[in-house]
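Please load the model in the viewer and follow the selections below in order.

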Amino acid sequence: MTTAQAVASILVMAGVTFLTRVIPFALFGRGGQPPRVVAYLGQVLPPAVIAMLIVYCLRNIDLFSGSHGLPELLCVAVTAILHVWKGNNLLSIFGGTILYMVLVQAVF
Amino acid sequence: MDRKALAAAFPVTIPVLMGYLSIGMAFGLMLQAVGYGPLWAVLMSLIIYAGSGQYLGCTLLATAAPLPQVAMLTLLLNFRHIFYGLSLLDKFKGTGWRKPYLIFALTDETYALLTGAVPPAGVNAANYYFSIAILDHSYWIAGSLLGGTIGSLITFNTEGIDFAMTALFVVIAVDQWKAAGKGLRRHLPALIGIVCAAAAVVVTRMLSSDNMIIPSLVGICVLLLALRRQLEETENKREEGTAV
């Protein structure tokens with residue numbers, strides 16, 4: 001692959017990625033109100049998408065072999081419990097992550 | 001640069017700092033391994049700015065994929081972003097010259113932070129969102145640069161540090177859950193998200209595919225639209241409730 005080809009590929013990736021991000025604004029962001037169904041989706045999508053992203057992060061765990069996904073599920077639970085309990089972002093995230101690092105490096 | 005907004009935004013972005021430094025480094029290393037040095041990594045992180053998209057990019061560069069294929073695979077992988085903007089149409093109104101950059105910088109993590117972002121009192125909202133976006137982007141660039149330069153020298157065991165990203169999403173989900181109030185119906189969007197995504201993982205695994213995002217999003221939208229009447233009722237009640 002020549003340098004020019006590599007640069008062209010990178011430009012295409014950048015252009016397409018930006019396109020996926022700009023489409024909703026190009027369609028509905030220009031003054032006025034978006035259609036009500038779009039406004040509705042915009043309102044209810046975030047919790048569904050965040051839940052999906054959590055599952056996405058965990059998609060490669062195997063419940064039936066290896067560590068059975070125990071470190072992941074345990075650390076998700078610990079993060080959530082810490083956050084319900086103390087409500088401090090950094091404490092919850094550091095707590096869950098450090099526990100996870102210890103578990104995958106030294107325990108499982 | 002609005003220092004006050006930057007100072008207010010920084011603590012919010014620390015989890016992304018941890019996550020982006022580590023997965024950005026992994027990207028820099030991966031790109032190095034297929035023959036493209038740190039400057040290439042920085043270029044890609046600067047103008048593409050998409051985590052999984054750039055991992056895919058390493059493979060595409062390594063295999064000298066034809067441009068139509070590059071475009072198609074990037075589109076499929078990043079298709080989810082189309083849904084992200086829908087929730088930020090209002091927030092990005094009145095952000096002026098910052099708006100194109102805010103749209104460009106809409107990664108999963110920045111979207112997650114921005115949908116919940118409430119600027120502290122006395123901080124300009126547009127500058128606050130802009131600071132979050134630009135800080136996240138700078139972590140990503142720094143991570144890929146480090147990965148491409150000194151990544152192979154790091155002996156400290158960082159295995160598992162990318163869990164920070166999972167933990168960030170968990171924390172945001174908990175905040176959203178609390179904000180939704182009491183009653184099962186108010187949590188339906190989150191529950192729909194989990195169920196659709198889990199079902200999509202199972203199905204795509206059976207088909208030996210890794211792309212669970214698009215089927216998940218399709219399922220989520222179908223269910224959310226089917227339950228529109230019920231969910232809008234709860235939204236309205238909540239708004240009336242807070243107005244009193």
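The domain bounds used in this tour come from an automatic or database domain assignment. The model itself is predicted.

Select chain A first and colour residues 1-42 as domain 1 and residues 58-108 as domain 2. The centres of domain 1 of chain A and domain 2 of chain A, taken over C-alpha atoms, are 34 Å apart.

Keep chain A selected and turn to its overall form. The C-alpha trace of chain A extends over about 50 × 50 × 30 Å along its principal axes. The radius of gyration of chain A is 21 Å, whereas a compact globule of 108 residues would have one near 13 Å. Of the 108 residues in chain A, 40% are buried.

Next, switch to a cartoon representation. Chain A shows four helices and zero strands, in the sequence order α-α-α-α.

Now select A:His68, in the loop that joins α2 (36-57) to α3 (70-86) of chain A. Its backbone merits inspection: A:His68 is not a glycine, yet its phi is positive, near 60°. Is A:His68 buried or exposed? A:His68 counts as partly exposed, because 13 C-beta neighbours lie inside 10 Å, and a residue is exposed with 12 or fewer.

Finally, move to chain B and select B:Ala64, which sits in the loop between α3 (51-62) and α4 (67-78) of chain B. B:Ala64 also has a positive phi, about 50°, although it is not a glycine. With 12 other C-beta atoms within 10 Å, B:Ala64 is exposed.

Note on methods: Residues are numbered from 1 along each chain as its sequence is written. Chains are lettered from A and ligands numbered from 1 in the order in which they are written. This is a predicted model: local features need pLDDT of at least 70, side-chain atom pairs count only at pLDDT 80 or more; totals for chains, interfaces and linings use all residues. Helices (H or I, at least four residues) and strands (E, at least two) are DSSP runs, numbered from the N terminus. A residue is buried if 20 or more other C-beta atoms lie within 10 Å of its own, exposed if 12 or fewer, and partly exposed in between; C-beta atoms are placed from the backbone. The radius of gyration is taken over C-alpha atoms; the globule rule is 2.2 Å times the number of residues to the power 0.38.
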